[in-house]
Every structure is written in structure tokens, then in C-alpha cells.
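Here's a quick briefing on one protein chain, starting with the big picture and then zooming in on a helix pair and a couple of residues. Have a look at the model first.

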Amino acid sequence: MIRIGKTLQICDRTRKNNVFNFKSKRGMGGVVERNNIHPSSSPSFPPTSCQTKEDCGCNNNNVGKLSTNSFNNRSDPFFKEALHSSSKPLSELLNSWDPNVPVERANTLPASFYTESAAYEAESRIVFGNNWLMAGHIASLKNSGDFITGTYQKRPWIVCRDEEGKLRAFYNVCRHHAMTVAHSPEGNTQEFVCGYHGWRYALNGRLKAANGVKGIKDFTASKISLFPIELHVAGPFIYINFGKKEDSEMSSTEHLNIVDEILQSSRYENLQFVKRLEYNLNCNWKVFVDNYLDGGMHVKYAHPNLAANLDLKSYSTEVHNKYSVQRAAAAVGEGEVRVKGRADYVYVYPNLMINRYGDWMDTNLVIPVNSSQCIVRMDYYLEQNKMEQKEWIEESLVQSDQVQKEDVWLCETVQKGLESTAYSVGRYAPTVEHGMHDFHKTLFKELSL
């Protein structure tokens with residue numbers, strides 16, 4: 001019998017030819033046979049006496065328990081197939097990983113966190129519903145009436161500068177019949193007008209005029225406004241938070257202010273916007289973040305041109321509460337090089353990456369679409385005195401685009417592996433991937449609230 005839950009009960013095992021028969025009572029189709037289903041290649045498996053439970057999980061008898069958090073056992077294709085035979089509730093996902101295990105001993109976050117709808121829905125509700133998320137750059141909102149819009153999952157938003165010069169954020173949803181009231185990514189307006197029935201809202205969100213309300217009862221237009229969203233500015237970046245300030249520690253802005261202090265020394269607030277590029281990825285949003293947080297380990301294998309610009313031996317990672325900083329010295333170069341001096345790669349939980357290198361800065365904002373798709377938005381900024389070097393700018397953007405395409409291939413290929421029956425958990429490289437491990441712990445903690 002196989003019981004799907006915290007443990008797997010195994011019986012009817014035979015040693016002959018390393019073939020084991022598993023009888024399931026949960027729709028596994030009777031007897032299932034797999035050759036060499038245990039990672040061990042020894043023909044004498046299972047051993048009569050194991051050194052530790054982790055060796056095979058048999059608990060020193062013929063009927064034992066295999067921990068679903070065991071790297072050895074969970075990497076087995078049959079166990080993955082059994083565990084993923086149906087959609088899992090969030091409670092089961094949370095029982096499959098322990099955030100308190102140190103990185104040297106820890107398994108990576110299980111594949112189910114990257115594939116199951118329960119994980120995606122919980123992240124949408126808890127992580128993206130309560131943390132600070134980047135909305136844009138302050139330079140986009142210089143004048144009264146300037147606005148930008150966007151969507152985080154099912155949360156369309158507007159950020160604008162009102163008549164008094166104050167920045168405000170609202171849900172981009174009319175209070176009448178739910179139509180959006182701002183219909184372009186950015187612009188300037190004196191008011192927001194619903195394109196459905198013509199309800200009009202001031203820049204401070206208050207309802208100015210409502211058509212079709214003659215005879216309506218229990219309705220006071222002066223008390224109606226677009227639903228507000230919390231807003232915070234740190235350096236040149238605008239952040240929004242869909243939760244309520246008093247709800248939890250997730251509303252703290254301390255990490256945003258510290259990141260601003262770190263980047264202030266590079267005068268990043270004075271850089272000029274150059275270009276925005278977007279990439280549609282067929283992978284879970286966390287795959288992209290994981291790729292960013294592997295301590296540069298993949299750079300020499302996947303990004304040969306970038307690797308040539310960095311002294312990878314100098315690569316370091318600092319991990320802090322809700323942010324981390326990876327640094328690498330630039331390789332010695334001559335002339336106008338894209339990376340010079342030092343490259344700083346700053347991750348801001350949950351979905352923002354800020355890269356400051358040479359005369360450049362780019363921000364990577366990963367926006368979840370569903371459990372297996374995301375959008376990565378890249379905004380590029382440059383020192384003012386370089387803005388006239390058009391040919392060099394274009395060459396630098398081409399080089400960056402090549403790196404992004406290489407990362408797209410990596411992330412989409414990893415997602416295929418995560419969705420396969422051949423993978424369940426992996427291991428961290430503890431000297432370089434502690435930033436990734438911290439990301440997983442923070443995420444897990446919030447999902448467990």
C-alpha cells in the first residue's frame with residue numbers, strides 16, 4: 001500500500017532484479033512496477049541493516065516510512081509520480097519542507113511549490129497581497145496628472161500625482177460596474193473617467209460625477225472614492241502594498257529604506273531612463289528569482305560574455321531581512337565597457353532585482369501570471385553624461401538582451417524539470433546559494449501564517 005501524505009507506507013517489496021511491487025488504494029491502478037526505483041544502484045538493496053534512516057528510509061525493518069522531505073527518496077521518479085498524482089492542498093505542501101534545517105543539510109523547496117495551483121494562489125493572496133511591490137520610478141510622475149498603471153495578478157492599480165503634488169495609489173477599478181478608469185500604461189490626465197458609463201474621479205480618487213444614479217437610494221457620491229492602496233517612496237522608486245499597514249510585519253518599509261541607503265553611494269537616483277524590455281517566460285516566477293540568487297554560480301556556464309566582464313572569484317553574497325546583496329568586481333577592461341568598477345546585484349523580496357554596474361542600472365521586476373508563467377520587466381537607466389553615446393548604448397543593450405535570453409532558456413528548461421516525474425527536491429550549494437535559501441525561508445514563513 002502507498003499512503004499519500006506525510007509518509008509513504010511500503011510493503012510487498014521484493015529484492016529480485018530490484019523490482020518492487022506497490023499496491024495502491026488511491027487510484028494508482030493496482031500493482032505498479034518500476035525498475036531501480038531507489039537511487040541506490042546496489043543489487044542487494046534494500047539492505048538488511050541501514051546506517052541511517054536517510055540511507056533508504058526503511059527504518060531497519062521490511063515495512064518502513066519514507067519521509068517526503070528526504071532528498072534521496074523524493075528524487076525517485078515513482079515517488080514523485082505518486083505524490084503528484086493529484087492537486088495538493090496548501091497544508092500538504094507546507095508539511096513537505098522544513099525552513100529550520102540549516103542550508104548545509106537542507107533540501108531545496110519542493111517542486112510542488114513551483115507547479116501546484118495551491119501554492120500559486122496562496123502566494124497571490126498572502127505574498128503579493130501584503131508585501132511592498134515596485135510600481136515605478138519617481139521620474140514618471142513629475143507633474144500633476146501624471147499617472148502609471150499596472151496589474152499584480154488580479155489587482156489592477158494606478159499611481160498618480162494629484163493637483164496638490166501628492167503621490168497617490170488606487171485600485172484601477174470603477175466603483176460602479178468594475179471597469180478600469182485608466183486605460184494606458186502611463187499618461188497625464190485631469191481626471192479618471194470610466195469608459196463604460198462615464199463615472200468621473202478626481203486625481204485624489206474622489207468620485208466627481210456619477211451618471212445614471214437618479215432615484216438611487218442609500219448613495220452619497222461625496223463618500224465614494226476609488227479604493228486606496230498604501231504607497232511608499234524609497235530613493236527614486238515607488239512601492240505599493242495591497243495590504244493594510246496594521247495587519248502584519250509585512251508592511252514594514254525598513255528593508256526598502258536600507259536598500260536605498262546601499263545604492264545612494266552610486267548616485268542611482270540621478271540616472272536617466274533609457275528603455276524598457278519585457279520577456280514572457282514559461283516558468284514559475286520563483287524559478288527566475290532562484291536563478292538570480294544562486295550566487296553567480298551559473299554565470300560562467302550560461303553567460304560567457306558576462307563572465308568575461310566579471311572577476312567571478314571576487315563574487316560575494318550578503319543576506320539580510322527581505323533583501324540580499326551580491327557583489328563582484330569587474331574584470332579589467334579598456335575603453336567603454338558595460339561593466340566596470342564593481343557590479344552590485346540587489347534583491348528585494350519578493351520580486352524585485354536592482355543591478356548597478358558601471359554607468360548602468362537595470363531593474364528586473366518579475367510578475368507572476370500563473371503557476372508556470374511570468375513576465376520579467378527590465379528597465380534600463382544610464383548616467384546622464386553617457387546618454388549621447390547612441391551606438392555604445394545600443395551595443396550594451398544588445399549584450400544585456402543576450403544575457404536575458406540565456407536566462408530565459410535556463411528558467412524555462414528548469415520549469416520542465418520541475419514539472420517532470422524525475423525531480424522532487426534538490427540541494428543547495430551552501431557557500432553560494434544561501435541567498436536562495438533565505439528567499440525560500442521567507443516565502444515559506446509567510447505562507448505558513
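Of the 449 residues in this chain, 51% count as buried. Keep in mind that this is a predicted model. The secondary structure adds up to twelve helices and 21 strands, and the notes below pick out α8 and α11, which pack against each other.

**The chain overall**
- About 21,500 Å² of the chain is exposed, and 48% of that comes from carbon and sulfur atoms.
- Take the contacts with a separation of 6 or more: residues 24 or more positions apart account for 60% of them.

**How α8 meets α11**
- α8 covers residues 285-292, while α11 runs over residues 390-419.
- The two helices pack at an angle of about 120 degrees, and their axes sit 10 Å apart.
- Why call the pair oblique? An angle of about 120 degrees is not over 145, as roughly antiparallel would need, and it falls outside the 65 to 115 range for roughly perpendicular, so α8 and α11 are oblique to each other.
- As for handedness, α8 passes α11 in a right-handed crossing.
- On the α8 side, the contact is made by Val 287, Phe 288 and Asn 291.
- α11 brings Asp 407, Leu 410, Cys 411, Val 414, Gln 415 and Leu 418 to that contact.
- Sorted by type, the residues of this contact split into six nonpolar, two polar and one charged.

**Asp 407**
- Asp 407 sits in helix α11 and is one of the residues that make the contact with α8.
- Is Asp 407 buried or exposed? Its relative accessible area is 8%, and the cut-off for buried is under 20%, so Asp 407 is buried.
- Leaving aside residues up to four places away in sequence, Asp 407 touches Asn 291, His 298 and His 303. Asn 291 is one of the α8 residues in the helix contact.

**Leu 397**
- Leu 397 is also found in helix α11.
- With a relative accessible area of 6%, Leu 397 falls under the 20% cut-off and therefore counts as buried.
- Which residues does Leu 397 touch, not counting residues up to four places away in sequence? They are Val 274, Lys 275, Trp 360 and Tyr 380.
- Leu 397 and Leu 277 are 120 residues apart along the chain, yet their C-alpha atoms are separated by 9.8 Å.

Note on methods. Residues numbered from 1 in each chain as written. Predicted model: local features only at pLDDT ≥ 70, side-chain atom pairs only at ≥ 80, totals over all residues. Heavy atoms only, no water. Axes fitted to C-alpha atoms, helices over the stretch in contact; angles between N-to-C directions. Helix = DSSP H or I, 4+ residues; strand = E, 2+ residues; numbered from the N terminus. Parallel < 35°, antiparallel > 145°, perpendicular 65-115°, else oblique. Left-handed = near helix turned anticlockwise from the far one by under 90°. Contact = heavy atoms within 4.5 Å. Nonpolar A, V, L, I, M, F, W, Y, C, P; charged D, E, K, R; others polar. Buried < 20%, exposed > 50% of the residue type's maximum accessible area, 1.4 Å probe, protein only. Areas by Shrake-Rupley, 256 points an atom, 1.4 Å probe, with all protein chains shown as cover.
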